[in-house]
Each structure stands twice: as C-alpha cells, then as structure tokens.
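Biologist: Please put the model on screen. I will ask short questions about it, and I would like each answer to end on the value or name I asked for.

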Amino acid sequence: MLKLIASRIATAIPSLIGVVIVTFMLTRVLPGDAAAYFAGPAATPQAIAEIRTKLGLDKPLPVQFVDYVTALSKGDLGSSLSTGQPVATEIASRLPASAELTLSGLILALAIAIPFGIMAAVKQGTWVDHACRVITTAGVSLPVFFTGLLLVYVFYFKLGWAPAPLGRLDVFFTAPPTVTGFYLIDSLIAGDLETFRSAAAQLAIPTVTLAIFALAPIARITRASMLSVLSSEFVRTARAAGLTPYKVIMVYAFRNAMLPVITTLGMVFSFLLGANVLVEKVFAWPGIGSYAVEALISSDYAPVQGFVLAMAILYIILNLVIDLAYGVIDPRARSEA
Amino acid sequence: MTLANPADRGSASSSSGLAATLRHAKYVISENPVTGLAFGMFLVLIVAAAIGPYIVPYDPLASDTKAALQAPSWAHWFGTDQLGRDMFSRVIVATRLDMGIAIFSVALVFAAGGIAGIAAGFFGGWTDRIVGRISDTIMAFPLFVLAMGIVAALGNTVTNIVIATAIINFPLYVRVARAEAAIRRQSGFIQAARLTGNSEWRILLTQILPNILPIMMVQMSLTMGYAILNAAGLSFIGLGVRPPTPEWGIMVAEGSAFIVSGEWWIALFPGLALMFAVFCFNLLGDGLRDIVDPQRRT
C-alpha cells in the first residue's frame, strides 16, 4: 500500500512541475509587460521601472524562474496591490469558505446523482430513465451563474425562504471560533445552534446551485457504468445462483460500477472548481474565487497568479486522492502498482 | 434503437458517399425528432446571428431613462434594463458576438488540436510525447481557472477570450484526433499511399485528415456548447467583453444586481438565450454522432 501511494505521488510530480512552469510563463514569457501588470493600470513609467527592479524582472528568465520557485517553496506568492496583504495568507484564510461550498455541493450532487443513476440503469426504459436523460442533458446546458440567479429569485425574492445572497453568515451573527474554518462544523463545536442555522441557510442555495451543475455528469456515468456491469457475466451468475436483486445490485454490481464514477470525479472537480468562482460571485461568497475575480477586475495580477496556482495544486491533490481511492476500491489497481 | 437499421446501413455503404450520408441523415432525423429539433434551433441561431442586428425593433445601445426597468410588455417583449434599453433587441444582437466567440475558438482549436493530435497519433515517438505532455499540463489545471489566468495574462480582450477558450479545449481535440489517427496508421490504404511514394505529411493531410474529419466535426459540435458557456462565464465575471456591448454573459451579470429586488427579466432572457444555444449544440452533437458513427448511438 505504501509503495502504491509513493508511486501515485511520483506520477503527480510532472503535473506539479508543469503547473509551476505554466503559472510562471503566464506572467513572464507571454507578450506584454509583466511589470506593468503588477504595477496596475495607473502606474507611471518610473513606478513600473521600480517594480521591475523590485520584482527582479530585469534579470534573465532562468534566474527569474529560480527566484520564483525559491519564493514559492517558502510559501511566498507575492503581495496584492490593492490591499497590500500577502497573497498566500489571504488565500489560506479564504480557502475554507470555498472548500465548504465546493464540498457541500459535491456531497449533495453525489447523494442525488448516484441513486438516481442506479435507478435509471436498473429500471432502464421507464420514466426514471427518461427523467435521468432529460436532467443530465439539461444540467450540462445550464450556465451555473444563471441557475444561481434563478434560485435566488425564486427562494429569496418570491418565497422568502432563503436569506439574502450576501456571504456566509447573516450580518447579525459573528463567525464561530475557527477550528476547521468550516462554519457548519465550527458552530457545532462551539455548540452555537443559532449560528449553525444561519450558516446552513446561507450555504443552502449556493450548494444546490453547484449540485445541479455537478449532478449531470455523475448521474450519466453512473447510469452508463451500472448498465454495462448489470449485463456482465458475473451479475448473470449471481442472479442465476438465486441471490436477491438487492444483493446483486448493491453488493455485486454497485462496487464495480463505482470505478468509472470515481474516475469521472476528476473531471467533475475540474468543472466544480471553475463553477465555484462563478457561484461565489453570484452569492458574494467570501472565498478564493471572489478574491480572484476582484483582483482580475482591478488588474491586480499577483492574487490572480496565486489563485491559479493554488487551484491547480488543489486539483492535482484531489486527483491524487481519487487515484488512491481507486486503488482502495479496486484490488487490481493495487497489484499493478 | 441501439443500432441503426441493418438494411439501411447496408444500402448506405453500397451507394455513393454524399447521397448515402444524406439518406442516413434523413433517416436519423426521422428516427430521432430531437435531432430535427436541434437542427431547427441551430437555424434560429444562425438567422439571429446573420440578420439579427437589422431586424430588431430598437437600437440595442440606445438608452431611454423614461422607460427604465419595465417588465415585459407588447412594446418591449423582454422588458427593459436599468437604462431603458430594449432587452429583446439586446438579446438578439448579442447572438452574433456569442456565436462568433464560440465558432472562432472552436475553429482555432480544431486546427491546432486536430493537427497536433493527428501528428501525435500518426508519427508517434517524440511528437507524441511532446503533444501529450502539453495536453497533460493543460489538463492539470481546472479548465475555467486556467482560462481566467490566460485572459488575465494576455490582456482583457475578446480576442484573448477566444484564445483562452481554444487552449482549454486543446486536450479534448488532441485525444480524439490522436486515437483516430493511431488506429489508421498501419491500415491498408495508408500503406498503399506510402508505397506509391507519398511523403508522410502528404499522407497525413490527404489520407488521414479527411478520414477522421467526420469524427472531428462531432467533437466540434459537442465542444461548441462548452465554448459558449466558458466565454459567457468569463464575461460574467467581467473579462473580455465590456459594457455596453450586448453579450449574454455580461447581460446576466448586469441583471444579477436586480434579481434581489425582483426585476427578473434582465437576467432571465439572456440566460435563456445561453441555455438555448448550449442545449442546441449538445443535442446537435449527439445527433451528428448518430449520423457519423451509427454504432456509438446511446
């Protein structure tokens, strides 16, 4: 098992190197004056020249790259122009907000999509199957920011069930003492049920928005892989041996059908991390996505670069976890390593 | 349902190419009305993009503060926005820009990713390794995030949205083109072309490329929807297109401020237009796949 983990981590290293090189290239190699980007739109030529020397942009590229990697290894992502705060600190303090939102969205999507996909496969050709097909096709056609706004209109303006789409907590509440950074968990640890309720209410609509978005690919792949497993010989044998349909589906077919679903989760994460940015903008969610959007609008480049790098590293780690989970579920993947 | 009618396929392969394809297309459309619907929707988009600016009732940029924030009515089918601009005219006129961004980015990635993928699959070796490494590096990023970074680095313009959208789709095209080219690399007609003295690049362009073109067309249609969503997402967060230019993503963003006070129409109609376009291309992609590759029908 340790050997497997080591070999999987080794396969992630080229991606990591590629990601660092690309984020470096995005500012330094492409046409356009990096110093001007870092200086912002209103800078004088002297200010730009000063920043160029300060950032070491007048040195040769390989030296710059070594400087960049050295700074990175110390966790230094530069400083934001508009706030003056180090980007790394800012991202670290905003990451839990984004993570709480993304994870809730993913968990809700999985909780709906997997049973739904299984039902569609088991009852192929019935209304469940057709509903599954319609929802998966519609789900991939919905712009996530548009779904969010529709839900805000219906549940906040029309029905009044949801609170105003303004961040993680109602203004009358203070954030619970930080343990995990997830308000839902922290408020429970603090035993503050009122804050928990407020945090959950704020989280509900953005979570549903993300879940609707992530649901479609998961349900589609669950249905497809369940269908192919159900028509395989070992399922036929299990049925012929007189096992109950429940046991055949949930014990024999389900575990095998989950393998392609886990592989697809990598792609789902890629979509989710992008959709997260849009959802955060719609709901004024104080996560790293809205941080990057604010920085983009004011041409404040260091936070954007830090954001892209942080998201890419997070994505690589998530893919690594998916790979390892695959190994846990599928013994064949373990023996190949 | 899972396989096309065998008799139909038999006659299709025995007669000449174009007529057979058309007959098969007609068969697919009659068999699957959804594909027919998708073609109809596609036609609507094309007409709106081509002649939209000439037929809309109002100037999409003309503001009329007296008529600001009006709900949909007979005078203003989709209502008016905070400056009194007619939303119907703006939604229709925006079609050209949105479709333009998507079509240019897809054409760009079709050329770049298609050729790179074919070369990787056909030549193998170093070409394959380099192209594969570039694809892997792009895939290591969450794609929308990478697009944000590219637009931020290249500069905040519509052209760069096109380029960013093309770059994030690159690996998808490479994968399809590479797989299809690798299958055909050692097939009989390629060896025959090689024996008659064609150069490798000539074989690639005159034998392999036409052969995998249909499959690449399907890929184009399937990624058009994603390209539209991606471009609209970028302009929603304020990249690329600048107000007051009518564009669906930015119009939804402008309308988002009014959703909480109940003016739903400003965001709704551009959002519906986006959905319409994406839905159309997704259905069209599935339909085209049925025509090109009857065995892969789902």
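Modeller: One definition comes before the questions: a nonpolar core is a set of buried Ala, Val, Leu, Ile, Met, Phe, Trp, Tyr and Cys residues joined through side-chain atoms within 4.5 Å. Buried means under 20% relative accessible area, exposed means over 50%, and partly exposed lies in between, with a 1.4 Å probe and protein chains only. This is a predicted model, in which local features need pLDDT of at least 70 and side-chain atom pairs count only at pLDDT 80 or more, while totals for chains, interfaces and linings use all residues. Residues are numbered from 1 along each chain as its sequence is written, chains are lettered from A and ligands numbered from 1 in the order in which they are written, and side-chain values use heavy atoms, leaving out hydrogens and water.

Biologist: How many helices does chain A have?

Modeller: Helices (H or I, at least four residues) and strands (E, at least two) are DSSP runs, numbered from the N terminus. Chain A has zero strands, and its helices number 14.

Biologist: What percentage of the residues of chain A count as buried?

Modeller: The C-alpha atoms of chain A fill a box of roughly 80 × 55 × 40 Å along the principal axes. Chain A has 337 residues, and the buried share of them is 46%.

Biologist: Which helix gives the largest share of the largest nonpolar core?

Modeller: In soluble globular proteins, nonpolar side chains tend to be buried together. Here the largest nonpolar core holds 169 residues, and Phe145(A), Phe307(A), Met148(B) and Ile237(B) have the most contacts inside it. The largest share, 17 residues, comes from residues 245-282 of chain A, which form helix H11.

Biologist: Which residues of chain B does Ile237(B) touch?

Modeller: Contact means heavy atoms within 4.5 Å. Leaving aside residues up to four places away in sequence, Ile237(B) touches Leu278(A), Lys281(A), Val293(A), Leu296(A) and Ile297(A) of chain A. On chain B it touches Phe144(B) and Met148(B).

Biologist: With which residue does Arg223(A) form a salt bridge?

Modeller: A salt bridge is a side-chain nitrogen of Lys or Arg within 4 Å of a carboxyl oxygen of Asp or Glu, and the structure holds eight over all chains. For Arg223(A), the closest N and O atoms of the pair are 2.6 Å apart. The pair links distant parts of the chain, since helix H9 (residues 193-230) and helix H6 (residues 127-141) of chain A hold the partners, 94 residues apart. Arg223(A) is buried at 17% relative accessible area, and buried at 4% is its partner, Asp129(A).

Biologist: Which residues do the salt bridges that share partners join into one network?

Modeller: Arg85(B) forms a salt bridge with Glu254(B), with 3.9 Å between the closest N and O atoms; because Arg85(B) lies in the loop between helix H3 (33-55) and helix H4 (87-123) and Glu254(B) in helix H10 (residues 248-259) of chain B, the pair ties together parts 169 residues apart in sequence. Both Arg85(B) and Glu254(B) are buried. Glu254(B) also meets Arg90(B) in a salt bridge, 3.8 Å from N to O, and this pair is 164 residues apart. Shared partners therefore join into one network Arg85(B), Arg90(B) and Glu254(B).

Biologist: Are H9(B) and H11(B) roughly parallel or roughly antiparallel?

Modeller: Two packed helices are described by the angle between their axes and the distance between the axes. Axes are lines fitted to C-alpha atoms, for helices over the stretch in contact, with angles from 0 to 180 degrees between N-to-C directions; under 35 degrees counts as roughly parallel, over 145 as roughly antiparallel, 65 to 115 as roughly perpendicular and the rest as oblique. The axes of helix H9 (residues 200-236) and helix H11 (residues 265-292) of chain B come within 8 Å and cross at roughly 165°. That makes the two helices roughly antiparallel.

Biologist: In what kind of crossing does H5(A) pass H6(A), left-handed or right-handed?

Modeller: The axes of helix H5 (residues 87-122) of chain A and H6(A) come within 8 Å and cross at roughly 130°, so the two are oblique to each other. A crossing is left-handed if the near helix is turned anticlockwise from the far one by less than a right angle, and right-handed if clockwise. H5(A) passes H6(A) in a crossing that is left-handed.

Biologist: Is Gln202(A) buried or exposed?

Modeller: Gln202(A) is in helix H9 of chain A. It touches, among others, Pro163(A), Leu166(A), Arg168(A) and Trp285(A). Its relative accessible area is 7%, so Gln202(A) is buried.
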